[in-house]
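Me: I've got a structure to go through. Can you take my questions as they come?

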Amino acid sequence: MDIAQKKLHLRQQMLERRNAIVASKRSKAAQEIAQLAHVLADLAQKPIMFSSYRALGSEINPLHLERELPGYGAGIALPVIERKAAPLQFKIWRNGDPLVRRTWGILEPQEDAPIVLPDVVLLPLLAFDGAGRRLGYGGGFYDRTLQKLRSLKTIVAIGLAYTEQEVNALPHDSYDQLLDGALLPDGLRLFTQNRKLECDFSF
């Protein structure tokens with residue numbers, strides 16, 4: 001199989017694996033990653049802007065984490081789909097702000113919410129490996145987004161995942177953007193062969 005076929009096969013396999021995680025375990029995992037908000041906040045010495053997302057299906061839910069991060073001086077933004085094959089934009093969201101259901105039924109901030117460039121991108125995934133490779137849904141939104149953001153500033157990309165989503169190795173194309181880390185219910189895993197966060201994450 002070529003890389004595209006391998007990814008397609010893995011997407012099916014990993015979606016089934018993630019969907020098989022029982023609801024009570026998903027809920028517990030969401031609460032456990034929220035308790036690690038201080039670990040993410042420690043990535044920098046000043047208040048930073050996190051981008052999060054609205055969970056779809058069996059994706060790990062970042063909502064509890066979003067409620068904890070502002071206590072450490074962090075801001076929260078959510079992604080907005082401008083159009084197909086384009087990078088995502090991010091708009092500020094505060095707990096209690098209304099959201100609008102738009103493309104593919106995804107909840108997004110309102111039209112007049114301010115656009116920002118995040119410092120830390122929290123993103124969902126189907127699978128990841130120890131080299132920081134990420135398997136998404138195939139639309140390329142986050143690859144294009146991370147590429148653009150990294151051309152503009154220093155950012156950190158952290159995948160939110162259940163432990164069941166780690167695999168030994170993922171097929172990888174040249175345009176695939178690597179994660180800097182993965183936040184799991186049992187802690188933050190940093191992929192040191194990508195970027196040395198303690199050196200590069202300064203602004």
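Me: Which residues are exposed on the other side of H1, away from the buried ones?
Reply: Leu 8, Gln 12 and Glu 16 are exposed there. Exposed means over 50% relative accessible area, buried under 20%, and partly exposed in between (1.4 Å probe, protein chains only). This is a predicted model, where local features need pLDDT of at least 70, side-chain atom pairs count only at pLDDT 80 or more, and totals for chains, interfaces and linings use all residues. Residues are numbered from 1 along each chain as its sequence is written, and side-chain values use heavy atoms, with hydrogens and water left out.

Me: And which ones in H1 are buried?
Reply: Lys 7, Leu 10, Arg 11, Met 14 and Arg 18. They cover an arc of only 115° around the axis, so they sit on the same side of H1. The arc is that of the directions from the helix axis to the C-beta atoms.

Me: Why would that happen in a helix?
Reply: An α-helix has 3.6 residues a turn, so residues three or four places apart point the same way.

Me: What covers the buried residues of H1?
Reply: The cover includes helix H2 (23–34), strand E7 (127–128) and strand E8 (134–135). Helices (H or I, at least four residues) and strands (E, at least two) are DSSP runs, numbered from the N terminus.

Me: New topic. Where is Leu 178?
Reply: Leu 178 is in the loop between strand E9 (156–160) and strand E10 (181–184). Its relative accessibility is 29%, so Leu 178 counts as partly exposed.

Key:
Contact = heavy atoms within 4.5 Å.
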